[in-house]
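Colleague: I should be grateful for a close look at a single strand of this model and at its surroundings. Please describe how the strand is paired and covered, and then place it in its wider setting.

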Amino acid sequence: MDSLVIRGGRKIKGEIDIQGSKNSALPILCSCILVKGIVVLHNVPNITDIHITIEILKSLGAIVKIENNNTIIIDSTNINSSVVPYSLAHKMRSSIIFLGSLLGRMGEVTIGYPGGCKLGARPIDLHLKSLISLGVNITEDEEGIKCVCNNLFGNKINLSFKSVGATQNIILAAVCAKGATIIKNAATEPEILDMIAMLNKCGSKIKVIGDTIIIDGVKKLNGTEYTVMSDRIVAGTYLATAAITNGEIYLKGVKTKQIYPITKIFEDMGMDIRTYDNFVFAKTNRLKAVNITTSPHPGFPTDMQAQMMPVLSLSKGISSIEETIFESRDKHISELNKMGANITIMENYKENKKTTFIINEINNFTGNVVYAKDLRGGAALVIAGLCAEGITIVEGYEYIKRGYQNIIKDLKSLGADISNNINISNVISEKSHILA
Ligand code: UD1
């Protein structure tokens with residue numbers, strides 16, 4: 001297992017360019033197969049899930065070139081397959097977005113069930129129901145799904161939940177459908193708006209009015225050049241590292257409006273936050289407890305829930321987080337508690353997918369050997385390790401690499417003492433009291 005080794009106690013201080021957004025770049029890459037031509041994408045993060053998506057694109061017949069790590073050129077002129085290899089689909093959740101784009105391009109798709117972080121049941125019923133209403137026939141077996149359509153026709157779809165993935169799939173299936181599609185109660189996360197901006201640059205006709213998205217089908221899409229938005233969750237994670245180490249940070253390339261649901265909470269906790277057009281400055285004061293509820297945008301993002309827990313643990317008072325998106329996004333809690341946190345799950349609140357976590361104030365974290373079990377939960381353990389007494393070894397670095405392009409280099413440049421397991425033997429003796 002790949003690990004991170006962190007010596008706690010260093011202040012996070014400095015400025016950092018925020019990488020491109022994973023949750024924006026993945027659906028944008030899926031969109032490219034609707035374009036019978038070349039798309040040049042800048043600011044694509046160099047992370048595992050992007051590598052898997054590129055493998056899928058190549059297996060479908062696209063020619064993909066990577067330039068300077070973060071620019072990707074996709075030529076989808078000769079897409080000739082509608083089968084997403086099951087082994088690749090199983091590796092990540094966002095493979096499901098190939099449903100809409102392949103239906104739009106090929107009129108059919110065969111795909112294995114998506115994988116990804118285990119946060120709960122993560123069903124796809126809303127995706128399938130919506131596609132059926134656009135004219136798709138679907139058959140399922142234990143391994144995966146086969147979808148076929150003669151033509152895609154626009155329709156009115158009222159989502160019972162603002163599902164990010166379902167909204168993306170509907171948009172992609174509807175872009176070149178006959179007639180107009182109206183999605184009511186659509187998810188409007190900044191990453192969805194970014195995908196829409198890219199598609200509109202390619203010639204699609206998509207409008208967003210509040211939480212309604214209107215897609216007027218067009219005959220074809222043209223190639224384009226597009227820069228992916230910055231990753232607001234990575235920005236929020238680094239904000240948390242500054243908050244917990246009593247530091248200060250400039251987050252460069254971050255759009256104020258996109259990150260506001262996160263900065264607002266840090267401000268409520270007492271952090272000094274100044275937002276400018278294209279960057280955020282934050283300085284830590286004594287932080288106080290807050291109550292957070294995760295919800296679809298513009299609510300507090302579920303993807304920042306785990307990273308808040310170590311920060312709230314060191315804030316004055318008792319905090320709570322109500323997780324309303326996923327029923328079991330809690331695997332980081334036992335690991336944080338191994339480092340000295342006092343976080344409990346209110347079992348009687350665990351209903352209708354809602355779980356409430358109580359985060360009691362502690363004096364400090366103590367280094368330990370802990371296990372990342374998903375991407376953001378892993379980031380939470382790194383945050384705790386940065387301020388912990390002694391050394392923390394975070395096993396499962398491979399989960400963290402799914403979303404953070406260069407967490408070691410970034411945090412080192414901000415003053416942290418963090419490395420990967422290359423030097424692990426040097427710290428084993430220092431850590432023997434923990435490992436014993
Ligand atoms: C969700 C998050 C997204 C985050 C991503 C990875 C929200 C609204 N969505 O997107 O911000 O980046 O996880 O952590 O915050 N659901 C169904 N049926 C479906 C689809 C979804 O019941 O067909 C339910 C899920 O079980 C879950 C909720 O809706 O409880 C959110 O799902 P959805 O937004 O689709 O998930 P992701 O697209 O994975």
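**Strand β5 and its surroundings**

Modeller: Strand β4, residues 63-67, pairs with β5 in the antiparallel sense, and five bridges join the two. The model is a predicted one. Within this pairing, V64 has I74 of β5 as its bridge partner. The two strands β4 and β5 form a hairpin with three residues between them, and N68 in the turn has a positive phi of about 50°.

A further partner of β5 is strand β3, residues 38-42; this pairing is also antiparallel and runs over four bridges. Here L41 stands opposite I72 in β5. In general, strands of a sheet pair through backbone hydrogen bonds, in either a parallel or an antiparallel arrangement.

Strand β5 itself, residues 71-75, is mostly covered, with five of its five residues buried. T71, I73 and D75 point one way from the strand, whereas I72 and I74 point the other way, and all are buried.

The strand also contributes to the nonpolar interior. The largest nonpolar core has 72 residues, and I74 and L41 are among those that touch the most other members, together with I50, F98, I171, L199 and I213. Leaving aside residues up to four places away in sequence, L41 touches T71, I72 and I74 of the strand region, as well as I28, L29, C32, N70 and Y226. A second, separate core of 67 residues includes Y238, F266, V370 and A384.

For the wider setting, another part of the model offers an open sheet of four strands with mixed pairing, in the order β10-β11-β13-β12. Its edge strands are β10 (156-158) and β12 (205-209), each of which pairs on one side only. Strands β10 and β11 (residues 180-184) run parallel and are joined by three bridges, with K156 having I182 in β11 as its bridge partner. Helix α6, residues 164-174, lies across β10, β11, β12 and β13 (212-216) and runs at about 170° to β11. Helix α7, residues 190-201, lies across β12 and β13, at about 150° to β12.

Finally, there is a helix pair to note. Helix α8 (residues 232-244) packs against helix α12 (residues 375-387) at an angle of about 20°, with the axes 9 Å apart. Because of that angle, α8 is roughly parallel to α12. The contact involves I233, T237, A240, T241 and I244 of α8 and R376, A379, I383, L386 and C387 of α12.

Technical notes. Residues are numbered from 1 along each chain as its sequence is written. This is a predicted model: local features need pLDDT of at least 70, side-chain atom pairs count only at pLDDT 80 or more; totals for chains, interfaces and linings use all residues. Side-chain values use heavy atoms; hydrogens and water are left out. Buried means under 20% relative accessible area, exposed over 50%, partly exposed in between (1.4 Å probe, protein chains only). Two strands pair if DSSP finds at least two bridges between them. A nonpolar core is a set of buried Ala, Val, Leu, Ile, Met, Phe, Trp, Tyr and Cys residues joined through side-chain atoms within 4.5 Å. Contact means heavy atoms within 4.5 Å. Axes are lines fitted to C-alpha atoms, for helices over the stretch in contact, and angles run from 0 to 180 degrees between N-to-C directions. Angles under 35 degrees count as roughly parallel, over 145 as roughly antiparallel, 65 to 115 as roughly perpendicular and the rest as oblique.
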